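The following paragraphs lead the reader through one protein structure, from a single side chain on its surface to the charged groups and the nonpolar core inside.

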Amino acid sequence: MPKSEQLNKSTKIILNYVLGGGLSVWLTFMIYRQVQHQQNLPAAWEHMRTTVMESGWLLMVVVVVMMFINWGLEARKWQLLVRPLEEVPFRRAFGAILSGVSLSVNTPNRIGEYGGRILYLRNKNKLKAIAATIVGSFSQLIITVVFGLIGFIYYINQYEMTRGGYFEPAVREKLLLAFLLVVCTLGFILYFRLKIIVDLFERIPWLRKVKVFIQIIARYSPRELEKLLLLSAVRYLVFSAQYLILLYALGVSFVWWQGFFMINVIYLVMAVLPTIAIAEIGLRGSVSMHFLGLLSTNAAGILAATVAIWLINLVLPAVMGALLLLGVKIFKDK
């Protein structure tokens, strides 16, 4: 081996250990710091501790197990998405997802998750995988909007009508519902016609240079896209069930299907509002209190369940992802 190549390989090894370790330590510190600054955390934690001690830990354990199912489904989606680029074993795909969660916690709308996932791929595929990951996020967003529309229809007919004293929902709610229906329809059309995006890049001169990195999205067949939607729907039902179980475990009483509709609206609102994942607990709490508060007066339980789902589905995976980054090679062989 030439001396220059040997030196280059040694430099890569050093950088992998230094950058991987440094990134892991920094992310762990940032997660800890952000969690410590959550104002609602102490009260919610105390309510969780006392309520769970009385009712038992079984339901909490079930929710934690479901967290692995939740992110496991996302890992399966990503595994299918990057298959045209390279074969990724499920275990590595799961690690990529957790690392993506870790990198996303301090970025607006979790954009950092793309960077975390591509660390697990070969250098030549990293940029191309970003477009593939966006397709997965798109499928999840479509499912969120569909379920959100169902919940929103229930909300405006059951509560907005009563509050306003009219026989039909207010005009603003009708307009918003119509807008969401149009967005959902256009989203479905675009999702199954992703080649339109590639064609658009071809027609705009300054975008042609990066067309090679998004061509992968035109390679997915309708059957593959349908499978991604199915996985996204199952994942949505899993983390919605987690929320319902936590609400029940923490003493919030309501008819389960009404709670499911309201949770749909909560997730829809959270999907369209720009937030930073690790700092969104305050907004989550406010939105949850508004909608779930219509079903139950147990404000402490609602807030505790909201904090619990945030800790289990976001903070815990983020910490695990930060630790996994210790063993990730930032620079991989081509």
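Val61 has a relative accessible area of 46%, and because partly exposed residues are those between 20% and 50%, Val61 falls into that class. The model under discussion is a predicted one. Val61 belongs to helix H3, which covers residues 58–81. Together with Trp57, Val65 and Ile69, Val61 makes up a nonpolar patch on the surface, and the accessible area of these residues together is about 380 Å².

Ile69, another member of this patch, is also found in helix H3. With a relative accessibility of 42%, Ile69 counts as partly exposed. The C-alpha atom of Ile69 lies 9.1 Å from that of Phe239, although the two residues are 170 residues apart along the chain.

The wider setting of helix H3 may now be described. The protein chain contains twelve helices and zero strands, so that every element in the order from the N terminus is α. Of its 334 residues, 50% count as buried. The accessible surface of the chain comes to about 17,300 Å², and carbon and sulfur atoms account for 68% of that surface. Among contacts between residues at least 6 apart in sequence, 76% join residues at least 24 apart.

Charged residues also take part in such links. As a general principle, side chains of opposite charge can pair when their charged atoms come close. A search of the whole structure finds eight salt bridges. One of them joins Arg117 to Glu74, with the closest N and O atoms 3.0 Å apart. Arg117 lies in helix H5 (residues 112–118) and Glu74 in helix H3, so this salt bridge ties together parts that are 43 residues apart in sequence. Are the two partners buried or exposed? Arg117 has a relative accessible area of 2% and is therefore buried; Glu74, at 5%, is buried as well.

Glu74 has a further partner in Arg235, and in this salt bridge the closest N and O atoms are 3.2 Å apart. The pair links distant parts of the chain, since Arg235 is in helix H9 and Glu74 in helix H3, 161 residues apart. Helix H9 spans residues 222–249. The contact between the side chains of Arg235 and Glu74 also qualifies as a polar contact, at 3.2 Å. Why does Arg235 count as buried? The limit for a buried residue is under 20% relative accessible area, and Arg235 counts as buried because its relative accessibility is 9%. Leaving aside neighbours within four places in sequence, Arg235 is in contact with Asn70, Trp71, Leu73, Glu74 and Gln140.

The pairs that involve Glu74 are part of a broader arrangement: Glu74, Lys77, Glu113, Arg117 and Arg235 are linked in a network of salt bridges. A salt bridge with other surroundings is found between Arg83 and Glu87, where the closest N and O atoms are 3.9 Å apart. Arg83 is partly exposed, with a relative accessible area of 40%, whereas Glu87 counts as exposed at 58%.

The nonpolar interior completes the description. The largest nonpolar core has 88 residues, and within it Val135 and Leu292 touch the most other members. Helix H6 (residues 126–164) provides the largest share of this core, namely 15 residues. Which residues does Leu292 touch, not counting those up to four places away in sequence? The list consists of Tyr243, Leu247, Gly259, Met262, Ile263, Ile266 and Ile302. A second, separate core has five residues, including Met66, Leu73, Leu80 and Leu231. Leu73 is also among the residues in contact with Arg235.

Taken together, these features show several roles for helix H3 in the model. Val61 and Ile69 lie in this helix and belong to the nonpolar surface patch. Glu74, in the same helix H3, forms a salt bridge that connects it to Arg117 in helix H5, and Glu74 is likewise joined to Arg235 by a salt bridge.

How values were computed. Residues numbered from 1 in each chain as written. Predicted model: local features only at pLDDT ≥ 70, side-chain atom pairs only at ≥ 80, totals over all residues. Heavy atoms only, no water. Core = buried A, V, L, I, M, F, W, Y, C linked by side-chain atoms within 4.5 Å. Buried < 20%, exposed > 50% of the residue type's maximum accessible area, 1.4 Å probe, protein only. Helix = DSSP H or I, 4+ residues; strand = E, 2+ residues; numbered from the N terminus. Contact = heavy atoms within 4.5 Å. Areas by Shrake-Rupley, 256 points an atom, 1.4 Å probe, with all protein chains shown as cover. Patch = residues over 30% accessible without salt bridge, like charges linked within 9 Å, V, L, I, M, F, W, Y side chains within 5 Å. Salt bridge = Lys/Arg side-chain N within 4 Å of Asp/Glu carboxyl O. Polar contact = N/O pair within 3.5 Å; in protein donor to acceptor, adjacent residues only side chain to side chain.
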